[in-house]
Amino acid sequence: GMHFVVPKDYNMIEYFGKGPWENYNDRNYASHVGHYKSSVDEQYVPYIAPEENGNKTDTRWLVMKDNEGYGLMVVGSPLFDFSALHYSQDDLNRKQRDGHHTIDLTKSSEVFVNIDLKQMGVGGDDAWGARTHAEYTIKPEPMEFWYVLKPVIPGDNYWEKARH
């Protein structure tokens with residue numbers, strides 16, 4: 001996958017994929033493919049102990065834009081996962097945060113975006129720490145996917161733009 005940062009003004013997201021809440025490949029049966037709009041602030045899930053969160057699966061396209069409608073579109077094939085948060089991976093990494101809690105995090109003004117072919121399932125279906133089922137793990141084998149970054153301007157038709 002790819003990690004990148006966009007300006008704080010790109011605080012609105014719109015996507016066509018599974019939602020509207022966070023979901024992972026082993027936790028997405030209650031999420032349905034649809035067209036969703038949200039803010040970056042609404043993507044963060046305030047678990048007691050910070051960890052990676054806010055992932056969306058089976059995404060066809062994602063738009064991050066400012067309040068005027070300018071921004072960036074991601075179109076991928078095959079389907080991709082994404083997250084867009086005001087916290088970096090380092091902020092959410094247990095080793096980096098030394099046992100801190102969600103209230104100890106400092107919200108960044110930037111937006112940290114992750115675009116991935118897929119993520120491993122979260123596991124833990126019988127207790128915290130339980131291993132992810134084999135069918136939801138990612139095996140160390142060659143994989144590939146592609147995505148295109150496109151500029152967004154006010155009035156863009158995302159459905160049409162995703163096709164080209």
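This passage walks through the fold of one protein chain, its strand pairing, its aromatic rings and one buried asparagine.

The model is predicted, so local features are taken at pLDDT of at least 70 and side-chain atom pairs at pLDDT 80 or more, while totals for chains, interfaces and linings use all residues. Residues are numbered from 1 along each chain as its sequence is written, and side-chain values use heavy atoms, with hydrogens and water left out.

Start with the overall layout. The protein chain holds three helices and seven strands; these are DSSP runs numbered from the N terminus, with H or I over at least four residues for a helix and E over at least two for a strand. Going along the sequence, the order is β-β-β-β-β-α-α-β-β-α. The chain has 164 residues, and 45% of them count as buried (under 20% relative accessible area, with exposed meaning over 50% and partly exposed in between; 1.4 Å probe, protein chains only). The accessible surface adds up to about 9,500 Å², and carbon and sulfur atoms own 54% of that (Shrake-Rupley method, 1.4 Å probe; for residues, only the protein chains shown count as cover). Among contacts (heavy atoms within 4.5 Å) with a separation of 6 or more, 72% are between residues 24 or more positions apart.

Strand 5 is a good place to look next. This strand spans residues 71-85, and 12 of its 15 residues are buried. Strands pair here if DSSP finds at least two bridges between them. Strand 4 (residues 56-65) runs antiparallel to strand 5, with seven bridges joining the two, and Leu62 sits opposite Val74. Five residues separate these strands in a hairpin, where Gly69 in the turn has a positive phi of about 105°. Strand 7 (residues 146-152) is also antiparallel to strand 5 and joined to it by seven bridges; here Val75 stands opposite Val148. Strand 6 (residues 111-116) pairs with strand 5 as well, antiparallel over five bridges, with Phe112 as the bridge partner of Leu85.

Now for the rings. Rings of Phe, Tyr and Trp (its six-membered ring) pair if their centres lie within 6.5 Å; planes under 30 degrees apart are stacked, over 60 edge-to-face, and the rest tilted. That rule gives seven aromatic pairs. In one of them, the ring centres of Tyr15 and Phe82 are 5.1 Å apart and the planes meet at 70°, so the pair is edge-to-face. This pair bridges distant parts of the chain, with Tyr15 in strand 2 (residues 12-19) and Phe82 in strand 5, 67 residues apart. Tyr15 is buried at a relative accessible area of 1%, and Phe82 is buried at 0%. Another pair is Tyr44 and Tyr87, whose centres are 4.7 Å apart with planes at 45°, so this one is tilted. Tyr44 lies in the loop between strand 3 (32-39) and strand 4, and Tyr87 in the loop between strand 5 and helix 1 (89-92), so the pair ties together parts 43 residues apart in sequence. Both count as buried: Tyr44 at 15% relative accessibility and Tyr87 at 12%. Elsewhere, Phe16, Trp61, Tyr158 and Trp159 make up one aromatic cluster.

Last comes Asn23, in the loop between strand 2 and strand 3. Asn23 counts as buried, at 0% relative accessibility. Its side chain reaches the backbone oxygen of Trp21 at 3.0 Å and makes a polar contact with the side chain of Thr57 at 2.4 Å. A polar contact is a pair of N or O atoms within 3.5 Å; within protein, one must be able to donate a hydrogen and the other to accept it, and residues adjacent in sequence count only if both atoms are side-chain atoms. Setting aside neighbours within four places in sequence, Asn23 is in contact with Lys18, Asn28, Ser31, Asn55, Lys56 and Thr57.
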